Amino acid sequence: MRALDDTICAVATPPGEGGIAIVRVSGPRALDVARGLLRKANGSELSLEPRYATLANVVTPGNNRIIDEVIALLMVAPRSYTREDVLELQCHGGRAAANAVLEAILAMGIRLAEPGEFTLRAFLRGRIDLIQAEAVADIIHAQTADSLKIHEGLLQKKLSEEVSDWQRTLGDTLVHLESFLDFPEEELELQSAEALTTPLKLVANKMKEKLESYSWGRTAREGFRVAILGLPNVGKSSLLNLLAEEERAIVSPVAGTTRDTIEVKINALGAPIHLVDTAGLRASADEIENEGVIRARRAASEAYLLLMVFDGSRDLTPEEREEARTLAEGGSFIAVINKSDLDLRPSIAVKELLGYVPLKISAISGEGVEELLRLLRERAWAGEGPTSEEPLTRLRHRNQVAAALERVEQGIALLETTEYADAAANELQSARRELASLLGWGTPEEIVDKIFEEFCIGK
Ligand SMILES: Nc1nc2c(ncn2[C@@H]2O[C@H](COP(=O)(O)OP(=O)(O)OP(=O)(O)O)[C@@H](O)[C@H]2O)c(=O)[nH]1
Ligand SMILES: [Mg+2]
């Protein structure tokens, strides 16, 4: 496992302008940083009362030049997020102040934290389990109220406690089986198969219910995948940017601008939508563009819904008709005619082609976009709404529960044919290991690393 004995620091707030920016320090030297950099307004040294907000100047050691005026908070180990000494400095917002404070801390020999390293420390020190750590990342990334609610529940250990209950039940049966196996000379009676398997069957049923909740949980976490498709230059990337409310994809009048798929999560009036912008569909002599088209078709096949975009400023081409027909046969779609601010020529043609009047929108003026969001929400929820208050939301969780369930069912089958108490005990032990791994205990390091890679710096 990674080093836990050094001190790390990072700006914990996102880049950009805002009221405040927070710089975080965690580790044995956090107090040194406070002593070295914080001064009272009159320049004298200042001592921080743990858990009290203190107004302070951050100064350059040596010449006492003021870098920024901050609110300082000290959390002393083990009563902190990482269970280490933690110093948080609320600087003025924007990049400059927080970066200057960070530079001063780095100059003291403190290391810049990796993404998620504060939470990783909380996990490695046992303050939170892996499900809670994942929930922290998912809360940060949550786009909708549903996703937030589910992940707040996970952070409050709702799933962790259920898993621990299952482990306890398996453990009770194991104790009985093992004492029977370990001390045959004491002539302990093995309970009847029914007495042994009844609690196991209850656990198996609860696991099955959990597994069934995954489909909704995944949607709540990841969103409904909607792939934006169409010929080059129809305005797919412009539409993605408009819906995402940020300039995620490059937009240009050059046909064939987008190559790779670009994914963004949006909140369509409450519905979680995972939008995928794709390369314009056309045969090209450019190898990279062709790869882009292959990716676009893959995105189409993986999508829950297609958002077909047509260009309202020109007529439909024969290839476009052919593409649209094929896409329409392939799955559920919404068709829009973009560039409604220009002459809308093909709406009649699209109606003939696809059998309904497409929505007219403009990625430039924003016309029709509210209506598009409404349509997206409607179509998304038509497929699936909330089915469970506390669903499984991650594939990792689903796989671990499925693996544990398999072992429990195997154990039950062995107990029912009697004779095989030791084999059954092995199965139950394996099931307990799968559940422990779900909670993060004994989970392979590469899996843990992968989880923390999703985090942002400073969390
Ligand atoms: N007038 C007008 N122009 C638009 C609209 N939407 C996009 N455009 C313009 O159309 C051009 C192509 O836009 P993009 O968003 O890059 O189109 P695209 O479909 O992503 O293109 P490729 O990535 O090449 O497939 C750009 O010059 C945009 O400014 C619109 O609603 N109205
Ligand atoms: Mg594009």
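User: Which residue has a polar backbone atom 2.9 Å from an oxygen atom of ligand 1, along with Ala363?

Analyst: The model is predicted: local features need pLDDT of at least 70, side-chain atom pairs pLDDT 80 or more, while totals for chains, interfaces and linings use all residues. Residues count from 1 along each chain, chains are lettered from A and ligands numbered from 1 as written, and side-chain values use heavy atoms, without hydrogens and water. A polar contact is a pair of N or O atoms within 3.5 Å. Ala363 offers a polar backbone atom at 2.9 Å from an oxygen atom of ligand 1, and so does Asn233.

User: How much of ligand 1 does the protein bury?

Analyst: Ser362 also reaches an oxygen atom of ligand 1, with a polar side-chain atom at 3.1 Å. Taken alone, ligand 1 exposes 650 Å² (Shrake-Rupley, 1.4 Å probe). The protein buries 89%.

User: Which helix gives the largest share of the shell around ligand 1?

Analyst: The shell holds 23 residues (a heavy atom within 4 Å). Lys236 and Ser238 are among those that come nearest. Three shell residues come from one helix (a DSSP run of H or I, at least four residues), spanning 236-244. That is helix α9.

User: What is the strand order of the open six-stranded sheet?

Analyst: Strands are DSSP E runs of at least two residues, and two pair if DSSP finds at least two bridges between them. β9 and β13 are the edge strands. Five bridges join the parallel β8 and β10. The order is β9-β10-β8-β11-β12-β13.

How values were computed: Polar contact = N/O pair within 3.5 Å; in protein donor to acceptor, adjacent residues only side chain to side chain.
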